[in-house]
Amino acid sequence: MQDKYKGYLGLGIAGNFALHLAQAGELEDFKDIITADEAAPKGIFPFYLPSYTPNTNNTKRTPKDILTTYPLSSDTIKLPKEDVNVQTEPEVGLICELKYKNGILTDILPTHFGAYNDCSIRVAGADKISDKKNWGRESKGIASSLIPIESFKEDSILNEYSICSFLKRDNSIQAYGENVALTGYSYFYEKLTLWIKEQINTQKDFGPLEPLSEYIQACNYPSKAIISIGATRYTEYGEKTFLSPADEIFVIVYKHTRYSLEDIQTALKTQKYPQKDISILHQKVV
């Protein structure tokens, strides 16, 4: 499935889980971003722009060329050539259908969800947050098995799901991100999709953020998108541990009314994974 989503717009949300930005050392990046709601996410960044064709008449800002490189993989993370720190960012990814009218995004319909790795470079002073998000092929992760969404409303089955993540190094498996319910996201369900729609239509080229509506126009209005909805909090181990070659990453979104965290940990040790009500991303670092 390596190129399965090559025609999809790739977007990520920054600051949608309490305390993560501080753990990631990114609060300073967003110091000038004012949100109407203190709990609101800080903004949206592009990590992949499919079929991007710059229109010099209408485009005020041109994105970095690397954002047109397809970065998603379901089994591999390829570290940058530069000597930089890289961290897994365990997230929920949404597969969404997009609708437009007169160049304005009018509707977002999430159709599937699952485990996602918004793998990121940790470097201070980056011009845009997207500069840390795509450094080439196999720099991001999405599970090959996703879960259908029948309803993205507050009474949804997603209430029964949690996310956790682990790092395997030298045959030792350690919790990398906290085990948390998906309802722990600051913005979720309709509150989230309404915010995404408004943010895409209005976000300007300011601070670490970029003018998404211009980019979308230059991509000829993609009808589908992958939207990662924000990284969860790290464990103490995850906050201090950067990726190295031969590491193995696990991000798991699972139905906590069916499986316990202990069930997940046992599955990782035995490599006998459940097949139902679960999305598992397993990537090897090279």
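Biologist: Let's begin with aspartate 118: is this residue buried or exposed?

Modeller: Buried, and its relative accessible area is 0%. Residues count as buried when that figure is under 20%. Bear in mind that we're reading a predicted model here.

Biologist: So which side chain does aspartate 118 meet in a salt bridge?

Modeller: The idea is to look for a Lys or Arg nitrogen within 4 Å of a carboxyl oxygen of Asp or Glu. Here, the side chain of lysine 140 pairs with aspartate 118, at 3.1 Å from N to O. This salt bridge joins distant parts of the chain: lysine 140 sits in strand S9 (residues 140–142), while aspartate 118 is in the loop between strands S7 (104–117) and S8 (120–122), 22 residues apart. Lysine 140 is buried too, because its relative accessible area is 0%.

Biologist: Which residues are linked in a network with those two?

Modeller: Glu89, Arg122 and Lys133 join Asp118 and Lys140 in a network of salt bridges.

Biologist: And how many salt bridges does the count come to?

Modeller: There are 14. Among them is a pair made by glutamate 97 and lysine 224, with 3.8 Å between N and O. That one also connects distant parts of the chain, with glutamate 97 in strand S6 (residues 90–101) and lysine 224 in strand S13 (residues 224–231), 127 residues apart. Glutamate 97 is partly exposed, since its relative accessibility is 31%, and lysine 224 is partly exposed at 31% as well.

Biologist: What about a salt bridge inside a helix? How far apart are glutamate 236 and lysine 240 in helix H4?

Modeller: Start with the general picture: an α-helix has 3.6 residues a turn, so residues three or four places apart point the same way. In H4 (residues 236–240), glutamate 236 and lysine 240 are 4 residues apart, about one turn of the helix. Their closest N and O atoms are 3.4 Å apart. Glutamate 236 is exposed at 59%, and lysine 240 is exposed at 59%.

Biologist: Now helix H2. Which of its residues are buried?

Modeller: Tyr189, Leu192, Thr193, Trp195, Ile196, Gln199 and Ile200. They span an arc of only 160 degrees around the axis, so they lie on the same side of H2.

Biologist: What covers the buried residues of H2?

Modeller: The cover includes strands S1 (9–14) and S2 (43–48), S6, S7, helix H3 (212–218) and S13. As for its length, H2 (residues 189–202) has 14 residues and reaches 20 Å from first C-alpha to last, close to the 20 Å expected.

Conventions:
Residues numbered from 1 in each chain as written. Predicted model: local features only at pLDDT ≥ 70, side-chain atom pairs only at ≥ 80, totals over all residues. Heavy atoms only, no water. Helix = DSSP H or I, 4+ residues; strand = E, 2+ residues; numbered from the N terminus. Buried < 20%, exposed > 50% of the residue type's maximum accessible area, 1.4 Å probe, protein only. Expected span 1.5 Å × (residues − 1). Arc of directions from axis to C-beta. Contact = heavy atoms within 4.5 Å.
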